[in-house]
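User: I am new to this structure and would like a close look at a single part of it. Please take me through the cysteines, and say how they stand to one another.

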Amino acid sequence: MTSVRPGLPVRECLLLSFLLLWKTGSGQLHYSVSEEAKHGTFVGRIAQDLGLELTELVPRLFRVASKGRGDLLEVNLQNGILFVNGRIDREELCGRSAECSLHLEVIVDRPLQVFHVEVEVKDINDNPPTFPTTVKTLRFPESKLLDSKFPLEGASDADIGVNALLSYRLSPSEFFFLDIQTNDELSQSLFLVLGKSLDREESAEFNLLLVATDGGKPELTGTVQIIIKVLDVNDNEPTFSQSLYKVQLLENIANGTLVIKLNASDEDEGSNREVVYSFSSDVSSSILTKFKIDPTSGEIRTKGKLDYEETKSYDIQVTASDKGTPSMSGHCKISVKLVDINDNTPEVSITSLSLPIQENAPLGTVIALITVSDRDSGTNGQVTCMLTAHVPFRLVTTFKNYYSLVLDSTLDRETTSEYKVVVTARDGGSPPLWATASVSVEVADVNDNAPVFAQAEYTVFVKENNAPGSHIFTVWARDADAQENARVSYSLVERRVGERALSSYVSVHAESGKVYALQPLDHEELELLQFQVSARDAGVPALGSNVTLQVFVLDENDNAPALLGPPGGGGGGARSEVLSRSVGAGHVVTKVRAVDADSGYNAWLSYELQPAAAGARSAFRVGLYTGEISTTRALDEADAARQRLLVLVKDHGEPALTATATVLVSLVDSGQSPKLSLRASEGAVASEATLVDVNVYLIIAICAVCSLLVLTLVLYVALRCSGAAVGRSEGACAPGKPVLVCSSAVGSWSYSQQRRQRVCSGEGPPKTDLMAFSPSLPQGPDSAEEKPQPSDSEYIGKTWGLTSGPGCCL
């Protein structure tokens, strides 16, 4: 089906009628078009033949690519018609080759499809026959015998087939006629034959016209004027044994190789039989550059490099002239055919289509188009392709020497981000030649990796009373992806801490991962702050993970000891005690009680009795760690009736904080002692009863709270240790053994605080500090008070790791 534009000449319309369209069994499209077709000439409805809708040509980026001369054919995207876009000269494209085609690659995207279209260029008779020269001069002696032949150089036609099939005719002459001998289907030998004896005195010169006509429609002709001069000397010409010699040469023979040695004979004698050899005057310049002849020996040798791919054969006309006067000559023809050798390496061309390729691209994705060619012929020009080993790609043959590089296995950019694919093309020659071409296939990242923290949980220790906005820790997560997919931002996983939001305590910088404490932390209010930080990348969709932070608030000595009042009484002011002068040494007068809101050593209290005025030796002492005030000797009349005792209570913090308690002791005589003793006894009984009740309830409460705390910490430590036990054989941090703290003070509850911290030294098991206190027992007058004593039962502390055992209160 062809279309004719208005105004085209009838001749062009006839040319368009020769256009053909057919499809081969391979599914590739084939069209044909005559050479020299006008611009806009219809070639084929390529979109329709490929099964494509006209409306999808532009959205799917329909385009045509060809190997060189890509401007000769074009596609109208509006109607899908392939048309002639430039001058097509078959002889310029393919020379004398019997087959001439334009190979087109039609590419459409979304999804990617590649089609191959072959457009055959049909020959038209646009080249007339041409002779090597327009005028040829021949010399015939008048003694030339009838039927003598003189070879003529035939015409050549750049067309092929019938258009190059030549016929000859000679202008009418009674003396000469034309003899045509057919060597093969495309080769003819022309001879000018003498049909009548010559007489120089009658006619010294003849003018003939040789006309060559090709077989095209319409016919084209070429002419050469033949001038024949009749000579009147030397009636025997040199003769060759053959009029045609055939020689085969390898195209890679060395320069100066002997082609043939000619030997012409002359029946004359003397100088008339001495022969000089030369190329015919009308041989082509290509023969003169490739061959040389020795004028004396008749040896023809190569000159320069022969190339089968440039010229496959040579026809050499040789003249043998004697030295007679006038000189006579004989002629022969040498047909030299070159034999192809494998001297051309294959050529590889790679056209990239889909680079870079996504790492999640499906199998079979076309990455590049590969074209191979070889200028050699036969087996030497048959090319096979292969890829480098161990690459996730393969070659798929699409059409003749066309291949597609497709994805053969899954990609992972985090493992390999780029592949250098080398395509090797090897021909079938012996030995074979090969060529390589490479293409770098970059793998584009997709967001398939979530940020990962080095640990699932971090433990952070922060001293209380920190400055607002202080940096306490930095979290960091690694993302194996690239660019935006690896850009990590951090945020808090919001929750409630008591009645307040987590974000009121801490914040995290979105880019650096630095964690800040927004306000001063108070160990007495919050010992452990546990929360999660989320890390998310910037991919689409975003991926993320969480890490847990356990922030332990370390105690500082920021609370002074607080005095407790006597049982049943208020907590402030001085206390008064009545004591009989008859008591002996070691009598317990009263007990000073105090508590400290801090923990550990910061809450470990000691008691000191301030020296009396004027340096007088006091009759009283105070237990260093019990706070019990007792007599050091028997009282006598010299002792003042009212004793003012000042007790200093001090913790073990750095620096130490203190508090003072004032005890007023009234001494009474022994005569008053029954009454006073009775009242003191009643008070003591009531005080003891009250103290016992308080101690019982206090012990029960402390045991319940501590047991729950110990159970929680044991479960927590067990879970952490079980998860990290495999990798902690050397240099690991493991929790220490629970510490047993026992106290059994008579009539009181002794309690201690302990902080348990893990120390990662990498050289041994973790260490745990142990504070052990001796029970408070009544001491004799001479007993020392400097031994450590536990604090009073009202001392309520906090601990992170306690275990009760047999014989222990907790």
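Analyst: In this predicted model, cysteine 94 counts as partly exposed, because its relative accessibility is 23%, and a residue is called buried when that value is under 20%. Its partner is cysteine 100, and the two form a disulfide in which the sulfur atoms lie 2.0 Å apart. Cysteine 100, in contrast to the partly exposed cysteine 94, counts as buried, because its relative accessibility is 3%. The torsion about the S-S bond that joins cysteine 94 and cysteine 100 is about 70 degrees, so this disulfide is right-handed.

Cysteine 703, on the other hand, takes part in no disulfide, and the nearest cysteine sulfur to it, which belongs to cysteine 706, is 7.2 Å away. Seen from the other side, the closest cysteine sulfur to that of cysteine 706 is the one in cysteine 703, and because the distance is 7.2 Å, it is too far for a bond; the cut-off for a disulfide is that the two sulfur atoms lie within 2.5 Å. Cysteine 706 also counts as buried, because its relative accessibility is 8%.

A search of the whole structure finds one disulfide, and the pair of cysteine 94 and cysteine 100 forms it. As for the surroundings, the protein chain has 810 residues, of which 42% count as buried, and it contains five helices and 52 strands.

Note on methods
Residues numbered from 1 in each chain as written. Predicted model: local features only at pLDDT ≥ 70, side-chain atom pairs only at ≥ 80, totals over all residues. Heavy atoms only, no water. Helix = DSSP H or I, 4+ residues; strand = E, 2+ residues; numbered from the N terminus. Buried < 20%, exposed > 50% of the residue type's maximum accessible area, 1.4 Å probe, protein only.
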